[in-house]
Amino acid sequence: MSFETPAVELPPPAVRRVSAGEFSEGVRYHVRRSRGTDDWLLLHTVDGAGLLLTADDRQMAVGADQAVLVRPGTVQEYGTDPAAGRWELLWTHFRPPPTWVALLDWPEVATGVGHLRLGAEVAERVRRALLDAARASRMAVGRPELFAQNALEAALLWYDTQNPRQRLLDERVLRVLEHIDAHLAEDLDVQDLARVAHLSASRLSHLFSAQVGSPPLRHLDAQRMELAAELLELTSQPVAEVAWRVGYGDPLYFSTRFRRRHGVSPTRYRRERRGQQQERPIG
């Protein structure tokens with residue numbers, strides 16, 4: 001398969017931090033930057049397919065829920081895959097801060113070209129984040145490039161959950177983690193969480209423990225205790241209300257669980273943390 005039209009040579013873009021957008025292109029779309037760029041390029045396919053020509057003249061089709069990451073200095077040539085007839089994509093040129101190094105370590109399919117294939121749920125989260133980056137790039141007020149950079153970082157963090165060079169997070173486990181975070185105050189059991197994941201309770205417990213490092217209910221309890229600690233330190237809510245906010249109707253039982261997790265009672269934890277804040281020097 002080859003492109004139907006010659007490539008249009010494009011100049012390198014002017015990028016300070018992030019430049020992002022969305023395209024919907026037909027079969028005649030085919031562009032090239034013979035010397036690459038001095039920034040990174042991310043191409044995320046939403047629908048249809050793109051065709052990427054690598055430095056060794058291999059062609060690579062990039063379908064829906066797939067992304068390529070092109071390093072600086074790498075020749076860029078890509079366009080609509082004629083077999084698909086159209087290509088809906090989200091693109092981002094960016095200059096990453098040093099803290100993003102690990103997030104850019106994608107498996108390479110050719111020199112300077114990383115590639116990831118996403119599951120449908122993570123792909124949707126990435127799509128929303130990249131759309132936020134594109135919209136931020138068009139903002140006329142505030143600091144649009146910083147908004148765009150924050151949205152792009154969120155997308156890269158979601159990509160990272162599907163990077164085989166990292167520990168892969170099963171989408172069913174991700175669904176349960178998000179459900180726990182959104183429903184900490186509710187009465188949850190393993191059966192409830194298994195229904196969220198569309199798995200049996202035993203299968204979920206095994207999969208969750210293998211990927212997260214603890215069983216679902218132990219993770220739930222840990223998340224509740226961490227939120228409780230934040231509420232005790234940062235608010236003046238009574239202990240009974242904090243207990244209710246994190247899913248414990250019995251304040252005495254909550255205090256027992258909290259002491260087991262943090263080593264002190266909720267009241268003492270608050271007093272000690274407030275004392276540390278008062279002693280902290282200013283400046």
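**Helix 1, aromatic pairs and a loop aspartate**

In helix 1, the buried residues (under 20% relative accessible area with a 1.4 Å probe and protein chains only; over 50% is exposed and in between is partly exposed) are Val122, Ala123, Arg125, Val126, Ala129, Leu130, Leu131, Ala133, Ala134 and Ala136. The model is predicted, so local features need pLDDT of at least 70 and side-chain atom pairs count only at pLDDT 80 or more, while totals for chains, interfaces and linings use all residues. Residues are numbered from 1 along each chain as its sequence is written, and side-chain values use heavy atoms, with hydrogens and water left out.

Helix 1 itself runs over residues 120–137; helices (H or I, at least four residues) and strands (E, at least two) are DSSP runs numbered from the N terminus. Its 18 residues reach 26 Å from the first C-alpha to the last, close to the 26 Å expected at 1.5 Å a residue, where the expected span is 1.5 Å times one less than the number of residues. And what covers its buried residues? The cover, judged by contact (heavy atoms within 4.5 Å), includes strand 2 (18–26), strand 4 (40–53), strand 8 (86–94), helix 2 (144–160) and helix 3 (171–182).

Now for the rings. Rings of Phe, Tyr and Trp (its six-membered ring) pair if their centres lie within 6.5 Å; planes under 30 degrees apart are stacked, over 60 edge-to-face, and the rest tilted. By this rule there are 12 aromatic pairs. In one of them, tyrosine 29 and tryptophan 87 have ring centres 6.2 Å apart and planes at 50°, so the pair is tilted. Tyrosine 29 sits in the loop between strand 2 and strand 3 (30–33) and tryptophan 87 in strand 8, so this pair ties together parts 58 residues apart in sequence. Both tyrosine 29 and tryptophan 87 are buried. Phenylalanine 94 and tryptophan 100 also make a tilted pair, because their ring centres are 6.0 Å apart and their planes at 55°. One aromatic cluster is formed by Phe23, Tyr29, Tyr78, Trp87 and Trp91.

Back in helix 1, the buried Arg125 lies over the face of tryptophan 158, at 5.4 Å from the ring centre. For such a charge over a ring, NZ of Lys or CZ of Arg must be within 6 Å of the ring centre and within 35 degrees of the ring normal.

Last comes aspartate 250, found in the loop between helix 7 (239–245) and helix 8 (251–262). At 41% relative accessibility, aspartate 250 is partly exposed. Its C-alpha is 7.8 Å from that of alanine 240, 10 residues away along the chain.
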